[in-house]
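Q: Please take a close look at a single part of this structure, and then set it in the context of the chain as a whole. A connected account would suit a reader who has not met the structure before.

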Amino acid sequence: MQSRLEEGKDLAITLRTSASRPFPFRLLQFFVLFLVIGIGASFLSMYMIRHFGIHNVALVQSTFMPCFQQHGSTIGSWIRPASILMHTMNDSELFWRASFVPRIKSYPFMRVPKIAFMFLTKGPLPMAPLWEKFFEGHEGFYSIYVHSLPSYTADFSPSSVFYERQIPSQAAEWGMMSMCDAERRLLANALLDISNEWFILLSESCIPLQNFTIVYRYISRSRYSFMGAIDEPGPYGRGRYDENMAPEINVTDWRKGSQWFEINRELAVKIVEDSTYYPKLKEFCIPHKCYVDEHYFQTMLTIKSPHLLANRSLTYVDWSRGGAHPATFGKNDIKEEIFNKILQNQTCLYNNQPSSLCFLFARKFAPNSLVPLLKIAPEILEI
């Protein structure tokens, strides 16, 4: 009996010893596994650095940052304008982004209101050297945006104010809604810069009539935006109205005006966010019967915000020579007399008071007028 008890004790000791042996063996397995993974990761890192470069590796790693990691104040992305204007947003995405409006009117940061100069062109800007002189010394008070044909590539030098100021563009045809699409595209891109407060539409044939200081003071102190919106009863006004535009647009709302305008930020947002009047004009205001760039914004803003419109343009054009298009000024026209005609003997309302300063810009100037314009600019235009 005692022999059997001793045999049982020996068996129990043997079983406990056998059961305890796998634990350190498993620990050793885990250690070897982690060692293999570590060595493999090291070799992989060295391979990626050698073949892709350390900067790309860091970029890959940065995409796996935890969601709670802090990177400083996010308001900076709203304040700082994009250094490169080209982007991949389509129009729907762009207009949606540009329509963001702060509900609190006071800015929690230092903001210098700027004028956005928006050039709607087919290709080159022949008057660029004149505009360069106009902008010189006024950095921080303006922004520049250029909408040209998609096939055109600008070749401005890095020192030019027009360098890399082209926005993503599409073809725009005269008299078609694609022309207004281009203007809305310019406004939307300019709205992305929170400091842009006023927006001026210009063409490649436009020139400044005053120096930058006068232009900035005139626009910034005005209580109104400068867009002509005339209720013209004749065939070129109400005669272009289509009854299918009702009830959104009635004939009493129908307005006509110059394509070239200046508007404030509030009105720019209204244009970009519009989805009520756009379909009506696109379908029922078509060339040879109606020219949408002379009616769309003018009619819409008259309906929505008539109290903000000065009902005149800041851009002078000469219709005295007759025809469907205004006169073009060539090199032989660039004389002191032509500017006296434009700048003198003019009367208009500015902030509801009579003023002799009515035009800040003029068109249409041919490319061959540039050289005489540069000669006369210091004395006549003071630029």
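A: A suitable place to begin is Lys-341, which counts as partly exposed because its relative accessibility is 41%. The model in which this residue appears is a predicted one. Lys-341 forms a salt bridge with Asp-318, and their closest N and O atoms are 3.7 Å apart. The two partners come from distant parts of the chain, 23 residues apart: Lys-341 belongs to helix 12, while Asp-318 sits in the loop between strand 6 (315-316) and helix 12. Asp-318, at 5% relative accessibility, counts as buried.

Helix 12 (336-343) leads on to the part examined here, helix 13, since helix 12 is among the elements that cover the buried residues of helix 13. Helix 6 (128-135) and strand 4 (207-208) are also included in that cover. Helix 13 itself spans residues 370-381, which makes 12 residues. Its end C-alpha atoms are only 13 Å apart, whereas a straight helix would reach 16 Å at 1.5 Å a residue.

Which residues of helix 13 are buried? They are Leu-370, Pro-372, Leu-373, Ile-376, Ala-377, Ile-380 and Leu-381. These residues lie on the same side of helix 13 because the arc that they cover around the axis is only 145°. A general property of the α-helix is relevant to this pattern: with 3.6 residues a turn, residues three or four places apart point the same way. The face turned away from the buried side of helix 13 carries the exposed residues Val-371, Lys-375 and Glu-379. Just after helix 13 comes Glu-382, which takes a positive phi of about 60°.

The wider chain can now be considered. It contains 13 helices and nine strands, and 42% of its 383 residues count as buried. Among contacts in the chain with a separation of 6 or more, 80% are accounted for by residues 24 or more positions apart. The accessible surface comes to about 22,100 Å², and carbon and sulfur atoms hold 59% of it.

The salt bridge of Lys-341 with Asp-318 belongs to a wider set, for a search of the whole structure finds eight salt bridges. In another, the side chains of Arg-185 and Asp-91 meet at 2.8 Å, N to O. Arg-185 lies in helix 7 (residues 177-191) and Asp-91 in helix 5, so this pair ties together parts that are 94 residues apart in sequence. Arg-185 counts as buried because its relative accessibility is 4%.

A further salt bridge, at 2.7 Å from N to O, joins the side chains of Glu-294 and Arg-240. This pair also links distant parts of the chain, 54 residues apart: Glu-294 is in the loop between helix 10 (278-284) and helix 11 (296-304), and Arg-240 is in the loop between helix 8 (212-220) and strand 5 (262-264). Glu-294 is partly exposed, with a relative accessible area of 21%, whereas Arg-240 is buried at 8%.

The surface also has a nonpolar patch of about 430 Å², made by Ile-75, Trp-78, Trp-96 and Phe-100. One of these residues, Phe-100, lies in the loop between helix 5 (91-98) and strand 1 (114-120). Phe-100 is partly exposed, with a relative accessible area of 32%.

Methods
Residues numbered from 1 in each chain as written. Predicted model: local features only at pLDDT ≥ 70, side-chain atom pairs only at ≥ 80, totals over all residues. Heavy atoms only, no water. Patch = residues over 30% accessible without salt bridge, like charges linked within 9 Å, V, L, I, M, F, W, Y side chains within 5 Å. Areas by Shrake-Rupley, 256 points an atom, 1.4 Å probe, with all protein chains shown as cover. Salt bridge = Lys/Arg side-chain N within 4 Å of Asp/Glu carboxyl O. Helix = DSSP H or I, 4+ residues; strand = E, 2+ residues; numbered from the N terminus. Buried < 20%, exposed > 50% of the residue type's maximum accessible area, 1.4 Å probe, protein only. Expected span 1.5 Å × (residues − 1). Arc of directions from axis to C-beta. Contact = heavy atoms within 4.5 Å.
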